[in-house]
Amino acid sequence: MTDDPLYRRELLRLAADATGAGHLPAPDAVASRHNPACGDRVTVELALADGCIAAVAHTTQACVLTQASAALLATAAPGKDHDSLKALADGVRAFLRGSPLEGHLGDYGVFDGIRDHAGRHVCVLLPLEAALKALEGAEPSAERPQG
């Protein structure tokens, strides 16, 4: 099973660890994304402080690739503002399409085995798109002051 690029040990471990799975006590922004082609669904909750993501939680009913991506998002997103999160999403998209792995993409290189499976790219991008949607819908007044 570990020879299959879609279900490599590293991806299975990320999905099983489920970093960030669950709910935030009082999220400032929430958004969901759905892939009608396969039924994957992810909801991302964000806590915000000073225009940046302070914490991430997610509820993921999806394949291993989406679960692993959501877990990576939970560790990669804190500290990012909208522009840096968009740069991360754009970088992951470019990487999946064949561009070199850039340093700011962190552990998203674990998805290198799905580059030839264009139909599965959406699985990896779904949590990132949900987080961007949540940030775009957040009201500036909803942000919590740091303190």
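## Phe-95 and its surroundings

In this predicted model, Phe-95 has its place in helix H3. Phe-95 counts as buried because its relative accessible area is 3%, which is under the 20% cut-off for that class. Leaving out residues up to four places away in sequence, Phe-95 touches Pro-100, Leu-101, Leu-105, Tyr-108, Gly-109, Phe-111, Asp-112 and Arg-115.

One of these partners, Gly-109, stands 14 residues from Phe-95 along the chain, and the C-alpha atoms of the two are separated by 8.1 Å.

## Helix H3 against helix H4

The helix that holds Phe-95 also packs against another helix. Helix H3, residues 82–96, and helix H4, residues 121–137, meet at an angle of about 165°, and their axes are 10 Å apart. That angle makes H3 roughly antiparallel to H4, because angles over 145 degrees are placed in that class. The crossing in which H3 passes H4 is left-handed.

On the H3 side, the contact is made by His-82, Leu-85, Lys-86, Leu-88, Ala-89, Val-92, Arg-93 and Leu-96, while H4 brings His-121, Val-124, Leu-125, Leu-128, Glu-129, Ala-131, Leu-132, Leu-135 and Glu-136. Sorted by class, the residues of this contact comprise 11 nonpolar, two polar and four charged ones.

## Helix H4 against helix H2

Helix H4 also meets helix H2, which spans residues 64–76. The axes of H2 and H4 come within 7 Å and cross at roughly 40°, and the two helices are therefore oblique to each other. In this case the crossing is right-handed.

From H2, the residues in the contact are Leu-65, Thr-66, Ser-69, Ala-70 and Leu-73, and from H4 they are Cys-123, Val-124, Leu-126, Pro-127, Leu-128 and Ala-131. By class, the contact of H2 with H4 divides into nine nonpolar residues, two polar residues and no charged ones. Val-124, Leu-128 and Ala-131 of H4 take part here, and they are also among the H4 residues that meet H3.

## Ser-69 in helix H2

Ser-69, one of the H2 residues that meet H4, lies in helix H2 and is classed as buried because its relative accessible area is 0%. When neighbours within four places in sequence are left aside, Ser-69 is in contact with Tyr-108, Phe-111, Cys-123, Val-124 and Pro-127. Tyr-108 and Phe-111 are also among the residues that Phe-95 touches, and Cys-123, Val-124 and Pro-127 belong to the H4 side of the contact with H2.

## Helix H1 against helix H2

Helix H2 has a further partner in helix H1, residues 9–17, with which it packs at an angle of about 65°, the axes being 8 Å apart. H1 and H2 are therefore roughly perpendicular to each other, and their crossing is left-handed.

Leu-11, Leu-12, Leu-14 and Ala-15 of H1 make this contact with Val-64, Leu-65, Gln-67, Ala-68, Ala-71 and Leu-72 of H2. The residues of the contact divide into nine nonpolar, one polar and no charged. Leu-65 of H2 appears in this contact and is also listed where H2 meets H4.

## The three-stranded sheet

The model also holds an open sheet of three strands, which follow the order E1-E2-E3 and pair in the antiparallel sense. Strand E1, residues 29–34, and strand E3, residues 52–61, are the edge strands, since each pairs on one side only. From one strand to the next, the twist averages 20°. Helix H2 packs on this sheet, where it touches E2 and E3, and its direction makes about 165° with that of E3.

E1 and E2 are joined in the antiparallel sense over six bridges, and in this pairing Val-30 has Glu-45 of E2 as its bridge partner. These two strands form a hairpin with six residues between them, and in its turn Gly-39 has a positive phi of about 95°. Strand E2, residues 41–49, pairs with E3 over nine bridges, again in the antiparallel sense; the partner of Val-42 in E3 is Thr-60, and that of Val-44 is His-58. E2 and E3 also form a hairpin, here with two residues between the strands, and Asp-50 in the turn has a positive phi of about 55°.

Technical notes: Residues numbered from 1 in each chain as written. Predicted model: local features only at pLDDT ≥ 70, side-chain atom pairs only at ≥ 80, totals over all residues. Heavy atoms only, no water. Pairing = 2+ DSSP bridges. Helix = DSSP H or I, 4+ residues; strand = E, 2+ residues; numbered from the N terminus. Axes fitted to C-alpha atoms, helices over the stretch in contact; angles between N-to-C directions. Contact = heavy atoms within 4.5 Å. Parallel < 35°, antiparallel > 145°, perpendicular 65-115°, else oblique. Left-handed = near helix turned anticlockwise from the far one by under 90°. Nonpolar A, V, L, I, M, F, W, Y, C, P; charged D, E, K, R; others polar. Buried < 20%, exposed > 50% of the residue type's maximum accessible area, 1.4 Å probe, protein only.
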